[in-house]
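Biologist: Could you take me through one part of this model, slowly and in plain words? I'd like a close look at a patch on the surface, and then how it fits with the rest of the chain.

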Amino acid sequence: MRKLLILALVGLAAQLVDGALGMAYGLTSSTLLLFVGVAPAAASASVHLAEIGTTLAAGVAHWRFGNVDWRVVTRIALPGAVGAFVGATFLSSISTENAAPWMAGILFTLGAYLLVRFSRPLRQRSGAGRLRGRFLGPLGLVAGFVDATGGGGWGPVATPALLVSGRMEPRKVIGSVDTAEFVVAGAASIGFLIGLGSEGFLLPTVAALLIGGLIAAPVAAWLVRIVPAQLLGATIGGVIVLTNARILLKAGDAGSTVRPVVYVLLAVGWVVALTFAVRALRRTRRARAIVDAAATATATTAVATADTPAVGATPSPDTAAAVVGAGAVAGSAPAGADDDRLAVVER
């Protein structure tokens with residue numbers, strides 16, 4: 001019971017991260033499952049089976065809010081399903097001893113990528129035209145394969161590639177990638193079912209992850225408004241790097257004197273990345289405040305200019321009518337209304 005509670009908390013934490021970043025549910029879940037001792041293939045299989053439920057709920061929500069580009073979904077989901085199926089059968093065919101460092105290496109790389117990406121200002125290029133199938137197809141194939149063999153990676157691979165293209169709104173990128181992941185998770189689950197059999201799925205683990213994810217879904221919608229994605233991405237990236245470094249050092253038979261040095265270097269790199277992330281976040285907020293202030297000043301100036309008639313200009317018929325109407329009212333207005341009438345005439 002205690003282990004299931006921990007797994008439910010794992011699913012809850014992973015969904016919170018995914019809701020705030022638009023990625024990393026499988027990445028976070030698989031890392032934490034490997035940390036508690038679950039076999040690599042069983043961890044990836046269980047995470048993908050749980051993702052069928054979480055991605056279905058996310059896809060429906062994104063569809064209702066108009067965040068889904070169905071053209072992109074169809075062109076990225078089908079190749080992604082093929083890549084996920086191949087990746088699942090590949091991971092199922094190798095031994096646990098060989099799978100652990102392989103999966104940890106993929107997760108370590110993706111965690112380092114998150115550290116680098118979120119430690120810099122998040123920029124988006126401006127592009128024109130629609131995304132082509134010859135770009136979406138290979139992207140889905142690679143992202144699906146990495147996702148199945150690494151226990152996660154669909155979002156970290158697909159989402160940044162689509163954002164950098166500059167040809168889609170960020171909300172539609174996240175919505176389309178999340179919706180397509182339902183097909184990818186289903187294909188990966190079929191691959192694991194063929195490769196491992198039904199005993200390869202840890203059903204209590206799946207149920208715990210799913211329950212935790214469903215509980216966290218509404219909280220994640222609130223969290224994305226409160227916690228800056230840049231700071232959270234750098235934080236989660238460091239956790240993933242340090243956690244999988246332990247597995248890689250163990251697989252490489254690193255000595256007792258080497259491990260502390262590696263951990264210290266990784267921790268220092270994590271602190272540096274967090275520092276850069278905070279600085280980038282502050283610069284972004286200052287730049288946004290300057291832009292907002294300039295826009296407000298411009299709007300105020302434009303309104304003032306429009307309301308003030310030019311010297312020597314002939315009043316328009318509407319303005320003249322307003323002045324005449326105000327003068328007519330003056331004869332019958334109560335005492336003390338002179339300031340109000342003057343304001344009407346001036347306006």
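Modeller: Sure, let's start with the nonpolar patch on the surface: Leu56, Val60, Trp63, Trp70, Leu78, Phe182 and Val183 form it, and together they have about 680 Å² of accessible area. To join a patch, a residue needs over 30% relative accessible area and no salt bridge, and nonpolar side chains (Val, Leu, Ile, Met, Phe, Trp, Tyr) are linked within 5 Å, while like charges are joined within 9 Å. A salt bridge here is a side-chain nitrogen of Lys or Arg within 4 Å of a carboxyl oxygen of Asp or Glu. The areas come from the Shrake-Rupley method with a 1.4 Å probe, and for residues only the protein chains shown count as cover.

Keep in mind that this is a predicted model: local features need pLDDT of at least 70, side-chain atom pairs count only at pLDDT 80 or more, and totals for chains, interfaces and linings use all residues. Residues are numbered from 1 along each chain as its sequence is written, and side-chain values use heavy atoms, with hydrogens and water left out.

Who builds the patch? H3, H4 and helix H8 (170-196) each supply at least two residues, and H3 gives the most, with three. Helices (H or I, at least four residues) and strands (E, at least two) are DSSP runs, numbered from the N terminus.

Now pick out leucine 78, which is found in helix H4. Leucine 78 counts as exposed because its relative accessibility is 57%; the cut-offs are over 50% for exposed, under 20% for buried and partly exposed in between (1.4 Å probe, protein chains only).

For a contrast, try threonine 55, in helix H3 (residues 40-64). Threonine 55 has a relative accessible area of 6%, so it is buried. Leaving aside neighbours within four places in sequence, threonine 55 is in contact (heavy atoms within 4.5 Å) with Asp178, Glu181 and Phe182. Phe182 is also one of the patch residues.

Zooming out, the chain has 13 helices and zero strands, and of its 347 residues 41% count as buried.

How far can you trust it? The pLDDT, the predictor's confidence in each residue from 0 to 100, averages 79 over the chain, and 80% of the residues score at least 70. Confidence is highest in helix H4 (residues 70-93), at a mean of 94, and lowest in helix H13 (residues 338-346), at 36. Where pLDDT is low, don't read the predicted coordinates in detail.
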